[in-house]
Structures are given as C-alpha cells and as structure tokens.
Amino acid sequence: MIRVAGLEVGFGHGRRRVHAVQNVSFTVPEGASYGLVGESGSGKTTALRAIAALVPPAAGRIEVDGRQVAARPDRAFRKKVQMVFQDPYGSLHPRHTVDRILREPCRIHGLGDIDGRIGHMLAEVGLGPAFRFRFPHQLSGGQRQRVAIARALILEPRVLLLDEPTSALDVSVQAEILNLLGDLRAARGLTFLFVSHNLAVVAQMCERVAVMMNGRVVEEADAGQLAAGALAHPYARQLLQASRGYDRELARSLVRFE
Amino acid sequence: MRLEVEKLSVRFPTPTGVVEAVRGVSFAMGAEKLGIVGESGSGKSTLGRAILRLIAPPGEVRAERLAFDGTDLLAADRRTLRRIRGGRIAMVLQDPKFSLNPVMTVGRQIEEAVRVHGRTGRREARERALAMLEAVRIRDPARVYGAWPHELSGGMGQRAMIAIMLAAGPELLIADEPTSALDVTVQMQVLAILDDLVAERGMGLVLISHDLDLVASFCDRVLVMYAGRVVESLPAGELHQATHPYTRGLLACLPDIARPRRRLPVLERDPAWATEELP
C-alpha cells in the first residue's frame with residue numbers, strides 16, 4: 001500500500017543544509033500497521049510528512065496504492081490518505097464546533113448525506129450526539145483526539161498516517177485511544193503508518209517497526225523480535241533498554257551515536 | 001532535613017463552586033527519593049507547589065502541619081520564605097523553554113541564584129556557576145555559561161535549569177515532571193545526576209511524574225494520587241504489587257513491549273475512590 005524507496009528530505013541550503021531523512025526505504029502492505037520509532041530529530045515525523053506530501057522529498061520515490069505521490073497531490077489522494085496529529089489541542093479549530101470540523105472535509109470532497117455521516121462517525125469513535133455541537137475547549141484531551149480521528153476517517157480513507165497520536169494523553173486515555181484505533185483498523189481494513197517515540201506503544205500497535213536515528217533507518221524488526229528484545233543495532237538496543245525504566249548502570253554506559 | 005506534611009488541603013474558589021485540588025494529604029520524608037504519581041488533574045503538581053507556598057490567592061492552603069526542618073511553612077513570613085525558596089528547597093519544572101529567563105544568559109541565571117542565597121562576590125559566583133554546569137555533566141561548561149536559553153536543546157536546557165536550582169545547595173528538590181519533555185536516553189542521564197545528588201549530598205527529592213514505570217524504577221517510595229488524595233503509599237520496588245484498584249488499573253493499561261495484547265485493559269473508575277476511607 002505504501003512503498004518508500006531511497007527517500008531523502010533536506011531543509012536549508014549549502015553548508016547549513018540539514019539532511020533530515022537520508023536514504024529511507026520501507027514497504028507497508030495493505031491492511032498492515034507499520035511503526036517508525038526514534039528520538040527527537042531522528043526524522044520520523046519528516047518521513048511521515050513527506051508521504052503526506054506536506055514536505056517535498058529531495059530524492060527517492062514514494063508510492064501509495066501503486067501510484068507515485070505527486071508534489072501537489074489531487075483530491076483523490078487526499079481522500080485516500082489522512083493524518084492524525086499529536087496535539088489534540090492544536091489540531092482542531094478552536095472556533096469551529098465538532099459538527100463544522102467534520103462537515104468541512106465532506107463538503108470539500110463533495111460527499112452526500114453529510115448529516116448522516118457525521119452522526120455515524122461520532123458514534124463510531126465513541127462520542128454520542130451530545131458532542132456534536134460542542135467546541136474543542138469543551139472537550140477533554142481524549143475526546144478531542146477522538147474528534148481528530150473522526151475527522152480523518154469521515155472521508156473513508158484507506159491509509160491513516162498517525163504522528164504520536166497518544167503522546168499528549170494520560171495512560172488510561174492512551175489505552176482507550178489505542179484500542180479504538182485497533183478496532184477501526186480491523187473494521188475498515190485500514191493501513192497504518194504510526195510514528196512514536198514510545199517503543200511500547202509501537203509494539204502494541206504495529207506488526208513491523210523501523211528504528212530511526214539521525215535521519216536513517218538503522219534497523220527494521222517485526223513485533224516478535226521487538227518483544228523478545230532481539231535487536232541487532234547498538235542504538236536500537238540502547239533505546240530498547242532505556243525504555244524499560246531507570247537503570248543506574250545503563251545511565252553510566254549510554255553512548256552518543258553520531 | 002525533614003519535611004512533614006499533615007492533612008494538607010488546597011482549595012480554589014471558582015464561579016461555579018470550590019475546587020478541592022488537594023484533600024488531606026499526609027506524608028513525611030527525609031533524604032530519599034519520593035515519587036508522586038497520578039494522572040493529569042490528580043493534584044500532584046498543586047501539592048508540590050503548596051509545599052513551597054506557591055499557591056496564589058484566592059487559592060488557599062490549609063494543613064494541620066507543614067514543616068520543613070521544624071520551620072512552620074504555613075506561619076512563615078515573606079522573609080523566611082524568600083530564604084527557603086530556591087535556597088533550602090528548590091523546584092525544577094517540566095519545560096526548560098518556559099522556566100529559563102529568555103533574556104538572560106544561562107551563566108548569569110546560575111550566578112543570580114548563587115548571589116541571592118550565598119552572598120558571594122561576582123568572581124566566586126562565576127566559578128560556582130561553572131562548577132554547577134560541570135556537576136550536571138555539561139561537556140563544555142564555558143560555552144553553555146555564555147549561551148542564551150534558545151541556543152540550548154531540551155536536554156541541555158533542563159540540565160541548566162537543574163544547575164540553577166542546585167547552585168544554592170538545597171536540602172530538598174521538588175522536581176515536577178523534570179524529564180517528561182526529554183528523549184528516553186537523555187531522561188536517563190538527567191535522572192542519574194539527581195540520583196547522585198541524593199546519594200552524595202544527602203538531598204531529599206520529590207519527583208512528581210505521570211510515568212509509573214519510571215517512578216517504580218527510580219524512586220525509593222511512591223505516593224499514588226487520585227482526585228486530590230493519596231490513595232496508596234508504598235515502596236517503589238513494590239509498585240507492581242500495588243493493591244489499590246486505581247494503581248492496578250493504571251499499571252494494567254500501560255502497553256508492554258514484551259507482551260503486546262490485542263486490546264489494552266481500560267481503567268474503570270469507581271466514584272468511591274474519591275471518598276473512601278484510607279488506611
């Protein structure tokens with residue numbers, strides 16, 4: 001469903017150019033869930049944004065559903081590929097009601113029976129009709145993220161790009177949102193590309209994972225290898241150990257990878 | 001160093017009624033690492049601020065006892081509080097972007113803390129500032145001394161913040177989510193610095209966090225807060241054998257790398273947790 005080959009993304013010019021993504025390649029089959037993990041600055045979000053055509057790639061090829069992603073993609077691509085962002089406070093228009101937030105994409109794409117769709121979609125993400133005419137500030141963080149998911153799914157996309165969708169939420173709410181995403185993927189046969197700094201979240205949600213560091217993929221592993229701790233690259237191993245909690249000896253032995 | 005808190009409550013009057021952010025919290029601590037965990041809105045940060053009397057009116061702090069080394073913090077006047085705040089009890093907040101002064105170099109900010117609390121000269125303050133930067137494992141202290149906060153990464157900024165707070169040699173450090181904005185490997189290094197300070201200087205540390213695994217692996221003792229109250233208090237090593245259904249529920253809903261499940265258990269909140277009698 002998603003095929004990325006030799007992707008390069010850079011910002012700036014000349015000596016000050018930052019190579020945010022360097023020679024990244026991976027494939028996500030239809031209906032699969034693929035994770036990109038790494039620390040800040042590893043290029044995971046930039047890679048995701050390049051697939052969404054939000055940043056222009058400097059080199060390489062990105063295909064979604066067998067077609068190369070254009071620099072300015074058409075409406076059909078936008079309908080097929082939708083995104084959920086990290087910050088449920090920043091990603092919803094503060095002066096639009098939930099109804100208007102969900103109505104806008106339907107109008108742009110000329111969908112019929114908008115009222116019926118909005119009602120159904122809200123029910124599907126676990127929000128009752130009472131939420132329909134509320135403003136984002138009248139919702140909790142978890143409820144807002146449900147609205148953001150509803151906004152992405154109301155166009156019936158086939159690919160969902162998720163950028164740290166639960167990082168701003170409490171763990172109990174995170175569990176609810178992860179379950180909801182898992183259920184929706186199963187029900188609709190969605191393909192997920194899931195970016196997170198949290199290895200446990202990615203292990204929970206994805207069948208396959210790429211570990212990124214300084215713009216490159218240093219290791220690709222499946223969920224079983226991740227669960228067993230069977231990683232080969234020293235950086236990936238260090239990241240895995242560090243995510244298991246505080247360890248005095250490990251803190252002393254941490255290595256900086258350049 | 002001994003901090004004693006008995007039946008501490010914090011109330012905020014609002015147009016729609018009084019909000020009781022902290023309700024009857026009691027604990028005592030010495031030179032140890034005490035973790036306070038809970039979800040957003042549980043009152044853990046408000047508790048940390050209340051200890052330093054940082055709750056502004058119309059918020060009210062009440063307690064049967066709030067004492068630091070015998071000094072009654074509730075009865076203390078402003079001069080006494082000024083000497084204690086930043087001097088004997090220091091506080092580190094979550095985000096260095098907002099807690100460092102953006103128009104002052106890092107070095108000057110550390111010097112300010114040294115000079116306010118230590119009555120030292122400029123030269124001595126400079127030396128102490130450089131020594132502090134070294135103590136928090138900054139590789140090139142001279143460069144960071146002259147740097148502006150916007151020139152530092154998150155991890156560096158948080159180390160600089162800790163350097164400021166440690167400059168006066170506090171006996172108690174209240175750290176409110178000090179590493180939540182940092183990458184896991186940087187988080188580990190910052191925690192190791194705090195760990196050493198507790199071990200070497202005999203400093204007390206209150207670590208406020210939402211991260212149960214982190215607190216379980218780092219602290220000596222943990223208080224679990226729910227709806228403004230401490231619902232469970234136990235040694236950190238035994239957190240995974242917690243008995244309160246809230247603590248158990250929080251632990252259960254954490255995803256586990258070694259054990260991905262089809263669905264995560266969801267926390268079912270019992271209204272009784274907010275009111276039940278506690279042991």
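The following exchange goes through a predicted model of two chains, A and B.

Biologist: Which helix supplies the largest share of the largest nonpolar core?

Modeller: The largest nonpolar core has 161 residues, and those with the most contacts inside it include A:I51, A:L161 and A:L193 from chain A as well as B:A163, B:A167 and B:V215 from chain B. The largest share of this core, 9 residues, comes from a helix of chain B that runs over residues 154–167, namely α7.

Biologist: On how many degrees of arc do the buried residues of α4(B) lie?

Modeller: Helix α4 of chain B covers residues 106–118, and its 13 residues reach 18 Å from the first C-alpha to the last, close to the 18 Å expected at 1.5 Å a residue. Its buried residues are B:V106, B:G107, B:I110, B:E111, B:A113, B:V114 and B:H117. They are on the same side of α4(B), because the arc that they cover around the axis is only 155°.

Biologist: What covers the buried residues of α4(B), and which residue follows this helix?

Modeller: The cover over the buried residues of α4(B) includes α5 (122–135), α6 (141–145) and α7 of chain B. Beyond α4(B) the chain continues with a residue whose phi is positive, near 55°, and this residue is B:R119.

Biologist: Is B:V114 buried or exposed?

Modeller: B:V114 lies in helix α4 of chain B, and the residues that it touches, not counting those up to four places away in sequence, are B:T120, B:A125, B:R128, B:A129, B:A167 and B:A168. One of these, B:R128, is 14 residues away from B:V114 in sequence, with 7.6 Å between their C-alpha atoms. The cut-off for burial is 20 or more other C-beta atoms within 10 Å. Because B:V114 has 23 C-beta neighbours inside 10 Å, it counts as buried.

Biologist: Which residues does B:A167 touch, not counting residues up to four places away in sequence?

Modeller: B:A167 is among the residues with the most contacts inside the largest nonpolar core. With residues up to four places away in sequence left out, its contacts are B:I110, B:A113, B:V114, B:R128, B:A129 and B:M132.

Biologist: Which helix gives the most to the side of chain A that touches chain B?

Modeller: In this model 31 residues of chain A are in contact with 29 residues of chain B. On the side of chain A that touches chain B, at least two residues each come from α6 (171–188), α7 (199–205), α8 (223–228), α9 (234–242) and α10 (248–253) of chain A. By class this side has 16 nonpolar, 9 polar and 6 charged residues. The helix that gives the most to it, with 7 residues, is α6(A).

Biologist: Is A:D113, whose phi is positive, buried or exposed?

Modeller: A:D113 is a residue other than glycine, and its phi is near 45°. Its place is in the loop between α3 (98–108) and α4 (114–124) of chain A. Because A:D113 has 10 C-beta neighbours inside 10 Å, it counts as exposed.

Biologist: Where is B:P58, which follows a cis peptide bond, found in chain B?

Modeller: The peptide bond from B:P57 to B:P58 is cis, with omega near 10°. B:P58 itself is in the loop between α1 (44–51) and β4 (60–62).

Biologist: How far apart are the end C-alpha atoms of residues 3–252 of chain B?

Modeller: An unreviewed UniProt entry annotates residues 3–252 of chain B as "domain: ABC transporter". Over these residues the chain is 39% helix and 27% strand, and its end C-alpha atoms are separated by 32 Å.

Conventions: Residues numbered from 1 in each chain as written. Chains lettered and ligands numbered in written order. Predicted model: local features only at pLDDT ≥ 70, side-chain atom pairs only at ≥ 80, totals over all residues. Core = buried A, V, L, I, M, F, W, Y, C linked by C-beta atoms within 7 Å. Buried ≥ 20, exposed ≤ 12 C-beta atoms within 10 Å, placed from the backbone. Helix = DSSP H or I, 4+ residues; strand = E, 2+ residues; numbered from the N terminus. Contact = placed C-beta atoms within 7 Å. Expected span 1.5 Å × (residues − 1). Arc of directions from axis to C-beta. Nonpolar A, V, L, I, M, F, W, Y, C, P; charged D, E, K, R; others polar. UniProt positions renumbered as here; feature names shortened; annotations may be inferred.
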